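Good morning, and thank you for making time for this presentation. Please keep the sequence and the structure in view while I speak.

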Amino acid sequence: MGGRSPSDFYFCESCEAETVLVKAGYGISVLPDLLIPPDPSLIRIPVAGLEPLSFGAYYKTLQGNEMLKSFIRIMKEHFPYAR
């Protein structure tokens, strides 16, 4: 982002919005591989030479929040390497 005006960037709230902007020719997107929607018109180009980036979720407590407990359990089952 260095050397560019803030007006050169579009921040999106969803992968779907990002896909629309990329397909419309507004530029490129940098996303974790697991968030890239399956779209044959998009090209994935891995960023070489970088250490893997960590990302996660913050929550205050699981106590009394059964839906959050279930979500965390499901995420651990489907992404066992992300602990």
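The second largest pocket in this predicted model has a volume of about 500 Å³. Of the 17 residues that line the second largest pocket, F9, Y10, I28, S29 and V30 are the closest to its centre. As for chemical character, the lining consists of 12 nonpolar, 3 polar and 2 charged residues.

I turn now to helix α1. Which residues of α1 are buried? They are C15, E18 and T19. These three cover an arc of only 100° around the axis, and therefore they lie on the same side of α1. E16 and V20, on the other side of α1, are exposed.

Let me take two of the buried residues in turn, beginning with E18. E18 belongs to helix α1. Is E18 buried or exposed? E18 counts as buried, because its relative accessibility is 9% and the cut-off for buried is under 20%. Leaving aside neighbours within four places in sequence, E18 is in contact with C12, S29, L31 and P37. One of these contacts leads back to the pocket, since S29 is among the lining residues closest to the pocket centre. The side chain of E18 also makes a polar contact with the side chain of T19, at 3.3 Å.

That brings us to T19, which lies in helix α1, spanning residues 15–23. T19 has a relative accessible area of 8% and is likewise buried. With which residues is T19 in contact, leaving aside its neighbours within four places in sequence? The answer is P37, D39 and L42. P37 thus appears in the contacts of T19 and also in those of E18.

Next, the chain beyond the helix. Just after α1, G25 takes a positive phi of about 90°. Further along, I36 is found in the loop between α1 and α2, the latter covering residues 66–78. How far apart are the C-alpha atoms of I36 and A24? They are separated by 16 Å, and the two residues are 12 residues apart along the chain. With its neighbours within four places in sequence left aside, I36 is in contact with L31 and R44. L31 is a residue we have already met, as a contact of E18.

To close, I would ask you to return to α1 in the display. C15, E18 and T19 are its buried residues, while E16 and V20 are exposed on the other side. Thank you for your attention.

Methods:
Residues are numbered from 1 along each chain as its sequence is written. This is a predicted model: local features need pLDDT of at least 70, side-chain atom pairs count only at pLDDT 80 or more; totals for chains, interfaces and linings use all residues. Side-chain values use heavy atoms; hydrogens and water are left out. Helices (H or I, at least four residues) and strands (E, at least two) are DSSP runs, numbered from the N terminus. Buried means under 20% relative accessible area, exposed over 50%, partly exposed in between (1.4 Å probe, protein chains only). Contact means heavy atoms within 4.5 Å. On a 1 Å grid over the protein atoms alone, a cavity is a set of points where a 1.4 Å probe fits but cannot get out, and a pocket is an open set with protein on both sides within 12 Å along at least five of seven lines; lining residues have an atom within 4 Å of a point. Grid points are joined across faces, edges and corners, and a volume is the space filled by probe spheres set on the points. Ala, Val, Leu, Ile, Met, Phe, Trp, Tyr, Cys and Pro count as nonpolar, Asp, Glu, Lys and Arg as charged, and the others, Gly among them, as polar. The arc is that of the directions from the helix axis to the C-beta atoms. A polar contact is a pair of N or O atoms within 3.5 Å; within protein, one must be able to donate a hydrogen and the other to accept it, and residues adjacent in sequence count only if both atoms are side-chain atoms.
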